[in-house]
Amino acid sequence: MAGSQWELPPELCCRPMAFVALTGLDVVYNAVHRAIWDAFCANRRADRVPISFKVLPGDHEYPKCRTKRTSYEWYIPKGILKTGWMNKHLNLVPALVVLFYELDWDDPTWKEKQSECATKVEIVRTSLQGRNTKVAVVLIQKKTPLPPGEDLVASERAATLCNACDLSGKSLFVLPHTDHLVGYIIRLENAFYEHAQTYYYTEIRRVKSHKEFLNKTTHQLLFVRHQFKIAFFSELKQDTQNALKYYRTAYSLVHELRAHETNMLEIKTMAGFINYKICRLCFQHNTPLDAIAQFRKHIDLCKKKIGSAELAFEHSAWMSKQFQSFGELFDEAIKLGLTAIQTQNPGFYYQQAACYSQDRKQLAQQLCQSAASLPTPEPAETQAGGLDFYGQRPWRQGHQSIDPPDAEKEKTGILVLQIKERDVPHSELIIALLSNAVAQFKKYKCPRMKSHLMVQMGEEYYHAKDYTKSLKLLDYVMCDYRTERWWALLSAILTTALRCAYLMASVKDYIIYCMELLGRASTLKEEQKLRIEKNLIKVLKNEVPEAEPECDPSSVTAARSLWSDRMALAGSNELNIEVQDYIPFIQCKARFQSPSFHVDQPVQLQVFLRADCPHPVSFNKLSISLSNQEYNQWCVVESAGKESMSLEPGKTQCYNFSFVAKTEDVGKKIEMTGIEVMLGSDSGRCVFLSWRGAGGDVASTHEALLASRSSRRWGRGVEARQELDWDSLTMQPSTMVISRVPKISVQLSHQPPALTNEMYCINLTVQSQEEGVAKDVKLTAGLKPGQEATLGQTTHVTLDGSKVCDDSAPALLPDLPLGDLNPGQKLEICVHVKCVSTGSRVFLFHVAYSIDTTVEGRQIVCKCHKDDTVTIETVVPFEVSAKFMSTKFEQLDRLAVDIPFLLMTDILSTSPWPLLLASSSLQLLTMTTNTPQLQSQLQEVVLQTDECASECFCLRVPPMNSSNTVATGQYLISWRRKSSGADSPLIQTTVTLPHVILETVPLYIHADLPSFGRVRESLSVRYHIENRTALVQEVEMAVEPSDAFMFSGLKQVRLRILPGSEQQMLYNYYPLMAGYQTLPQLNISLPRCLTANTHSLRRFLPQRIFVKPQGRQLDEASIAAA
């Protein structure tokens, strides 16, 4: 009873489904019957009706129905619920028996088969004698039936068969074995489900009818029983709302029963069953809060109902099972879609179940220790081999009185239960529950709850003597407790872990836990620490340590044997322990005394050690491992002879080391990779405590933080203390070896900004301040690496300033040899830089040399270097603009072919320094000059900032067959800074002139007229009209009158001009007014050339002329008056 007694019966935990028995099917030898059975059972989807099918033989014996009771007057119930009742209605008593029979409507032996079918139905009815189970017949037919009403033979024979079998028409079905078998089966299922519903409804009515015969004095148990049965039948009927209502009523009634020691177990058992059903249905109805409220109510009502004090462990077992069952229900609901939260998840219920299992274990240890050996015969097992009613004792079944019928048998029964409880594997049960709880808390991200329960699991494994698993769990959890600084909890866990390590004779683990329990994080008392330190010293001497207190005596004996075997092994006397992740009793911090050391200085580092144990600690060796292992030989200290080094408790011991860095390590980092302290000796056991990096442990970071806050709060009084403050010691795990400080000066002089494309001069002066000769001096000059890639392509550096360097010159000149420099010697170099594009550039000047020096008596060659950088802005020296003008100095958008025009260039200086323009020239591509020789008008012109120099060229576009847009050419300017020497190279700047749009004119008209006129004096104007086309052109000319002029000549004329020829028209204008006057307008039109208009033709003509006033003779008198 002790083991399986508390498990809920499977028929209670399953989902109740209507039970339908199928007879007449030979599923082994008949393929058709097998196909029908598979269609009923295989791959049932959720949308099919909930029915449990079972194939039974036609003459199957169903459970006999008891004689119906006519009166309950003298009936005294023996219990609440029989153990076989739920299983009987789930698996033994069907709601419907279906007889399958192969019979077609047109079968030639219809009469005989009809009679046989009726006989089989009668056999089924006989075996169900007294039951309300429904009976139905399914005819398996080969042909698809006709629609109802069309097959008269079928209708007639169906009626006959129903009469013969005493069936209603609704209980006869036809199943054609065709391709649509599954569809027919689903329709049959639905019909079966309706019949089953009717059966369970009848059963509910039958149970309800008993209520009027019951009284509350003697039939209290029956009230509970009947409500439970009605609820269970409602579940079978899939009426879960009513089922929940009846279960709640049953639950209230079960707690109204008179409880005493003999029936307490039965009441609790039934209360647990009904509570399980209520909670399950609440979760099913998606009302989890109702389920939780019901469970809390259930626990509150039952937790005080302990029952027999001698069997108190049974109550704890029952309570544990209640919490476990609810946790499983909760977890199942979550898997089906319910959402849980951190503060309400199944883990809490598994945890509580584990707590009650632990109580059970303690009570069992108290109550079952004095139990004698098992008596015979054993009264805990009846001759029937099982219980009639749930929750009753085997030795007094059916007994409901307050006092037990046989006191001696009662005493023996209790003793048997105690003896059986003693054999229960309590730790296994507790571990399983805790494991479930841990999984839940991990899922819902509750790390502290998870750690707490894992500690309990570890302790249970310890009690179960599975020390390996216990140590594994505890070791995992200790990491969290160290990080979060729960020192009291950590000390308690370490104590358990130390016992495990001792009982397993795990030397390494034993040493680790001893060291941690002796350390500053341990909350143990002084005498406990002394005992642990004594044991640790024994292990270091290769002796067997004393047993830990509170260990099981039998396990201690086995452990001593294991320890003796361990000590006998010669090969296991050296242990290496990484203590960084623990809090050991020896603390270690190391630091380089500076973040960097020059190569001509010794590298110095310090190691600080401190012991936290009660007594001084001896060690024999301290060594530091560095990233460059060649230096390790200088960082070791060992005990001299037999005397070992020692650490006083609570005092800081400092060890200093120094070494000379190698010149090839300049620019490299030297790091501490580890520190090692050797405890013990070669004669006993050597234990190497190793720290990664510069030491420290789990708690060091937080302690350093607290120390820094404290020093800020209380000022710098720490410096005045004699003793070093351990927590304020900082670790410096690495240092950089840097080159020797150079004793040379590097000076730069230049005139910024640099101008585009010029050879910009930077003067470099290097002077030695060394006491010896600076050998192998080298210069690296140019653009500093790491800038934009485009700058490297547009920057060129050279030492030759006599000519402009080309694009092949590099951006950086590396390692230019400058020879040796004597003390005080000065060296001057001029570096020329050509910047093709504008922008800011950083130039590097790196002077490197080597010099002989002595460090701590060692002669070394030091490589020194001095770097200097300068940022230079590059700007455009001048801006060039070009424009096309007509001979009248009017801006032109288009150029007429073979007509002179002017090219105007402007050079605007943007340089902060004066510029010397040496010369300029034109390189024409498609145009020709209109003057005999093009000469520069800017030779040796000096431009100050913002000054502008202009040039004018008269050009002509010759006739061509190319496109409308043509390239003009290039404008070349030779220049240099005014301040640069006469031998400085000239910079050639090329400016590409803009493209122009060409147009052809059919007629070119120009005029010959004097530069000015005089009032009332005749003015001759001759117009030249040229035909530029290959056709004869008719020209119509008319002169518009003007208020400022009178004129003589043809006012309106029509001409014909041959191709390539010229016609002249002469007019005499007579000015009437002085000043700038508009000439009479000449209107010209070409009837044969529609594209030409008057405006485009007369744009070449002068528009205005200056007219002087009329002159007079000057006499002597007027001159004198003036």
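Begin with the charged side chains of this predicted model. The protein chain carries 122 positive and 121 negative charges, and the mean positions of the two sets are 7 Å apart.

**The whole chain**

Display the full protein chain as a cartoon; its secondary structure comes to 24 helices and 47 strands. The radius of gyration is 58 Å, well over the 32 Å that the globule rule gives for 1122 residues, so the chain is more spread out than a compact globule. Along the principal axes, the C-alpha atoms fill a box of roughly 175 × 115 × 65 Å.

Switch next to a surface representation. The protein chain exposes about 56200 Å², of which carbon and sulfur atoms supply 51%. Buried residues account for 47% of the 1122 residues. Among contacts between residues at least 6 apart in sequence, 74% join residues at least 24 apart.

**Phe273 and the residues around it**

Select Phe273, which lies in helix H9 (residues 264-284). Phe273 is buried, with a relative accessible area of 5%. Setting aside neighbours within four places in sequence, the residues in contact with Phe273 are Leu8, Pro9, Leu12 and Tyr390. Add Cys13 to the selection: its C-alpha atom is separated by 9.1 Å from that of Phe273, although the two residues are 260 residues apart along the chain.

**The cysteines**

Which two cysteines form a disulfide? Select Cys761 and Cys830, whose sulfur atoms are 2.3 Å apart. The pair links distant parts of the chain, with Cys761 in strand E20 (residues 759-768) and Cys830 in strand E24 (residues 826-835), 69 residues apart. Cys761 is partly exposed, with a relative accessible area of 27%. The structure holds 1 disulfide.

Cys14, by contrast, is in no disulfide; the nearest cysteine sulfur, that of Cys13, is 7.8 Å away. At 29% relative accessibility, Cys14 counts as partly exposed.

Move on to Cys479. Why is there no bond from Cys479 to Cys500? The closest cysteine sulfur to that of Cys479 is in Cys500, and the separation of 16 Å is too far for a bond. Cys479 is partly exposed, its relative accessible area being 42%.

**Backbone geometry: two residues with positive phi**

Most residues other than glycine have a negative phi, and most peptide bonds are trans. The remaining stops depart from that pattern.

Select Arg485 in the loop between helix H16 (467-484) and helix H17 (487-504). Arg485 is not a glycine, yet its phi is positive, at about 65 degrees. With 36% relative accessibility, Arg485 counts as partly exposed.

Continue to Glu550, in the loop between helix H19 (526-540) and helix H20 (553-568). Glu550 likewise is not a glycine and has a positive phi, of about 70 degrees. Is Glu550 buried or exposed? At 68% relative accessibility, Glu550 counts as exposed.

**Final stop: a cis peptide bond**

Select Pro752 and Pro753, which are joined by a cis peptide bond with omega of about -5 degrees. Pro753 lies in the loop between strand E18 (744-749) and strand E19 (754-755).

Note on methods. Residues numbered from 1 in each chain as written. Predicted model: local features only at pLDDT ≥ 70, side-chain atom pairs only at ≥ 80, totals over all residues. Heavy atoms only, no water. Helix = DSSP H or I, 4+ residues; strand = E, 2+ residues; numbered from the N terminus. Rg over C-alpha atoms; globule rule 2.2 N^0.38 Å. Buried < 20%, exposed > 50% of the residue type's maximum accessible area, 1.4 Å probe, protein only. Contact = heavy atoms within 4.5 Å. Areas by Shrake-Rupley, 256 points an atom, 1.4 Å probe, with all protein chains shown as cover. Lys, Arg positive; Asp, Glu negative; His and termini not counted. Charge placed at Lys NZ, Arg CZ, Asp CG, Glu CD. Disulfide = S-S within 2.5 Å.
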